[in-house]
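I opened my notebook to see where the greasy side chains go in this protein. Here is what I looked up.

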Amino acid sequence: NNHAAGGTKGKQMIGKDKPVILFVSHEASRTGAPVFLLNIARHLKKELGIECAFLLRNRGKLEKQFHELGLCWVLDNPNVLSHKILKDLRRHDIRLIYSNTATNGSIQDELKKLKRPIVCHVHEMRYSLEHHFGGDNIKSILATTDLFLAGSYAVSKDLTSQFRVPLNKVSVAHPFIDVCETDRLAKTKIPFVDVPSDAIIIGACGS
């Protein structure tokens, strides 16, 4: 993507005195994975002073929030990391690449050219990986990932038993939400439906 549209302006640089993590998101939609990625990036930046940069394969309603946190590139083709963007990424002191889902296999091969460790946070079970994202995606993920973060113990078992990932390359890392911010928004925003202030609200989601 054009660097100005991608948020880098072509010249802006991240400070050399701070470690930089490149976060890779399959999209910027208001869905679970991108929201989780924003939460973890904000936490790392606030608590540890880590500089954040983002590579988005697709646009979405949360794109502005990614730009506000750090440098941001958006791909023209979600499955192609252009030579231009790869060259721009090399200009920054990226220490680690964090891929937020196991769906980014199509560009992990190119990202490996940065010669930095790649951490892949896998939230998906075997069925989704095989039936929704394709065999080529799985092969790329397995070949280019240095450390797998499993979103649950069930995912960890799938990785080690079904995909034969060595035990020392898998660590369980449960996803989380920002409880304080969610509570603040719930108390200050106008609700979508008219319910009593003391009502117990139960939320659920699934496919």
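**Inside the core**

I started with the largest nonpolar core, keeping in mind that the model is predicted. This core has 22 residues, and F23, I40, F54, F66 and Y98 touch the most other members. I then checked which elements give two or more residues to it: β1 (20-25), α2 (32-48), β2 (51-56), α3 (63-69) and β3 (71-74). α2 supplies the largest share, six residues.

Next I picked F54 and listed what it touches, leaving out residues up to four places away in sequence. I got L22, F23, A41, F66, L69, G70, L71, C72 and W73. I also found a second, separate core of 18 residues, with L22, I85, I107 and L114 among them.

My textbook reminder here: nonpolar side chains tend to be buried together in soluble globular proteins.

**Aromatic rings**

I searched the whole structure and got four aromatic pairs. One of them is F36 with F176, edge-to-face, at 5.3 Å centre to centre with 75° between the planes. F36 sits in helix α2 and F176 in the loop between β7 (170-172) and α9, so this pair links parts of the chain 140 residues apart. Are the two partners buried or exposed? F36 counts as buried at 5% relative accessibility, whereas F176 is partly exposed at 36%.

I also noted one aromatic cluster, formed by F23, F54, F66 and Y98.

**On the surface**

Last, I looked at a nonpolar surface patch of about 290 Å², made by V193, V195 and I201. V195 lies in the segment after α9 (179-188), and V195 is partly exposed, with a relative accessible area of 35%.

Technical notes. Residues are numbered from 1 along each chain as its sequence is written. This is a predicted model: local features need pLDDT of at least 70, side-chain atom pairs count only at pLDDT 80 or more; totals for chains, interfaces and linings use all residues. Side-chain values use heavy atoms; hydrogens and water are left out. A nonpolar core is a set of buried Ala, Val, Leu, Ile, Met, Phe, Trp, Tyr and Cys residues joined through side-chain atoms within 4.5 Å. Buried means under 20% relative accessible area, exposed over 50%, partly exposed in between (1.4 Å probe, protein chains only). Helices (H or I, at least four residues) and strands (E, at least two) are DSSP runs, numbered from the N terminus. Contact means heavy atoms within 4.5 Å. Patches are made of residues with over 30% relative accessible area and no salt bridge: like charges are joined within 9 Å, nonpolar side chains (Val, Leu, Ile, Met, Phe, Trp, Tyr) within 5 Å. Accessible areas come from the Shrake-Rupley method with a 1.4 Å probe; for residues, only the protein chains shown count as cover. A salt bridge is a side-chain nitrogen of Lys or Arg within 4 Å of a carboxyl oxygen of Asp or Glu. Rings of Phe, Tyr and Trp (its six-membered ring) pair if their centres lie within 6.5 Å; planes under 30 degrees apart count as stacked, over 60 as edge-to-face and the rest as tilted.
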